[in-house]
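Visitor: Please take a close look at a single part of this model, the surface that meets the nucleic acid. I should like to know what lines that surface and how its main contributor is held in the fold.

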Amino acid sequence: MIDDNQTPQAPTGTHDLMPPESARWESLLGLFANLSHRYSFGLVHTPMFEDVRVFQRGIGEVSEVVSKEMYEFTDRGGRHYALRPEGTASIVRAFVQHRPTTPFRAWYATPSFRYERPQAGRYRQHHQVGVEVLGSDDADIDVEVIALAQRFFEGLGLKSFTLSLNSMGDGACRPQYVEMLRSFLAEHQADLCEEHAKVYAINPLRVLDCKKDACQEVTEKGPFLEDVLCGECHDHLARVEEGLRQEGISFIRSPRLVRGFDYYTRTTFEFASDALEGAQNAIGGGGRYDGLVESLGGPPTPGIGFGIGIERVLLACDAEGVFVVESLPPVAFVVDATGGDQARRITASLRAFGISVDRAYDQRSMKAQFKAADRSGAALALVVGDDELASNSVTVRPLRTQDEQITITLEELFERVRKTGRIL
RNA sequence: GUGGUCGUAGCUCAGCUGGCAGAGCGCCGGGAUGUGGCCCCGGAGGUCGCGGGUUCGAGCCCCGUCGGUCACCCCA
């Protein structure tokens, strides 16, 4: 809300990304893009908003995210839209719309919006990088997808994180298990936590994920999906585990891991930072969703993917003291005491040669221009005074070393840059 | 959605039992005429988040509100 007497601020739970922090984002996104290409994923951009039904049908109407946290709006044409709360549903919608050849391997980087109360590591607009593979249920793909996430975290320098792995079963075994669990919970309803005693019947799996002691004590004695997985799911899980071992990726089997979206089947996984204090320690997660394409109107098509929260990953990096990125200073800074015409020419020419150059403006004093040069972080100051102007030359003064400054003609400077790509 | 806590200069923060808004850093200018960092001198910059109330007088007390932050919940 903007008060007329107050300067406007970024909306609650959102943040402006500016230098120098933005340099880290550039670097992180570059790393993820490179890795995605190495794994043969193609970039997909979808609109940041979709018909609400894409998310309702995709993620599940009773899920917390869809029922309570979506930014919904009606446009001037009366269409009912929602800002994307997560990445997968949109990609699947695009897949259904365009029907690319399978397996379809997509990577993305996008903001996500959820109307939640902000806190450390939780924002109303946060950003995710992720991948999706549609059109194959080969367990090797599960392994590749998990491996990509693992390599990404390693590439950032993270060490202190844990991969949890579970299987949610499929259409053959999960419904049966859900019923078993439902009736088991009904018997122990009195012992569940306040919230789940009321709602356990709607989605019994949620109770497994409850962190309250009451629910944990109950479910520990209850049926585990692991024990009733059908043969195919069991084999699939075993092959994923084997693949991860071959990749040298350690994980813990986590039979209680139930993720927040209803579309998951079979493989589900989550990466949690051990360096982050507090509850917001999930830095990435995903899983298989073999029924999602169908529920969005496409042909039966298996799929799997993950999303990684950029803000959280960077918090984890901070906590571990890794992925420190310096913003790139210009190579040279032009100081011109003769009015600025030479500065304009030199700056433009060097930039055309691919050299990063900054300069001073407003015809400020020598001292002020040198101060600006120093602050810019540039290695060299290129100085133009009356003498240089008269001889069509420039004085190159090293700012980071004790080396002597030299004066050379512009002709010589450009020739040198043309040949070597460097000023010195 | 619930609860705790905090809003003073661009940043980090002082400001006594209500009595003239401060410091450090940063920024701008100067320190003899063309050279940054260190040092010295000077300067600009504040509706004390916003709106009410109490009071002779409110940055300080009271109410409301907005925002930050932390926790629950959920998740990235």
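**The surface near RNA strand B**

Guide: Sorted by class, the residues on the surface near RNA strand B are 21 charged, 17 polar and 12 nonpolar. The structure is a predicted model. In total, 50 residues surround RNA strand B, and the closest of them are Arg114, Arg259, Gly260, Arg312 and Leu399. On the side of the nucleic acid, sugar and phosphate make up 52% of the RNA strand B atoms that come within 4 Å of the protein.

Three polar approaches can be described individually. At His126, a polar side-chain atom lies 3.5 Å from a base nitrogen of RNA strand B. The side chain of Gln128 places an N or O atom 3.4 Å from a sugar or linking oxygen of RNA strand B. Ile283 uses its backbone instead: a polar backbone atom of Ile283 is 3.4 Å from a sugar or linking oxygen of RNA strand B. The elements that each supply two or more residues to this surface are β6 (125-134), α8 (205-209), β10 (282-288), α15 (366-376) and α16 (386-391).

Which of these elements gives the most to the surface near RNA strand B? It is α15, with 7 residues. This helix also lies across β12, β14 and β15, and α15 runs at about 175 degrees to β12.

The strands beneath α15 belong to an open sheet of 5 strands, with the order β13-β12-β14-β15-β16 and mixed pairing. Its edge strands, each paired on one side only, are β13 (357-359) and β16 (406-409). On average, neighbouring strands of this sheet are turned by 30 degrees against each other, direction ignored. At one end of the order, strand β12 (residues 332-336) runs parallel to β13 and is joined to it by 3 bridges. Within that pair, Phe333 stands opposite Asp358 in β13. A further helix, α14 (residues 341-352), packs on the sheet and touches β12, β13, β14 (380-384) and β15 (393-398). The direction of α14 makes about 165 degrees with that of β13. Thus β12, β14 and β15 are touched by α14 and are also the strands that α15 lies across.

For comparison, another open sheet has 3 strands in the order β2-β4-β3, with antiparallel pairing. Here the edge strands are β2 (49-51) and β3 (72-74), each pairing on one side only. Neighbouring strands of this sheet are turned by 35 degrees against each other on average, direction ignored. Helix α2 (residues 52-59) packs on it, touching β2, β3 and β4, and the direction of α2 makes about 80 degrees with that of β2.

The central position of β4 can be followed through its partners. Antiparallel strands β3 and β4 (residues 80-83) are joined by 3 bridges, and β2 also pairs with β4 in the antiparallel sense over 3 bridges. Tyr81 in β4 has Phe73 opposite it, and Asp51 likewise stands opposite Tyr81. Ala82 in β4 faces Glu72. In the hairpin of β3 and β4, 5 residues lie between the strands, and Gly78 takes a positive phi near 85 degrees.

Technical notes:
Residues are numbered from 1 along each chain as its sequence is written. Chains are lettered from A and ligands numbered from 1 in the order in which they are written. This is a predicted model: local features need pLDDT of at least 70, side-chain atom pairs count only at pLDDT 80 or more; totals for chains, interfaces and linings use all residues. Side-chain values use heavy atoms; hydrogens and water are left out. A residue is near a molecule or strand if one of its heavy atoms lies within 4 Å of it. A polar contact is a pair of N or O atoms within 3.5 Å; within protein, one must be able to donate a hydrogen and the other to accept it, and residues adjacent in sequence count only if both atoms are side-chain atoms. Helices (H or I, at least four residues) and strands (E, at least two) are DSSP runs, numbered from the N terminus. Ala, Val, Leu, Ile, Met, Phe, Trp, Tyr, Cys and Pro count as nonpolar, Asp, Glu, Lys and Arg as charged, and the others, Gly among them, as polar. Two strands pair if DSSP finds at least two bridges between them. Axes are lines fitted to C-alpha atoms, for helices over the stretch in contact, and angles run from 0 to 180 degrees between N-to-C directions. Contact means heavy atoms within 4.5 Å.
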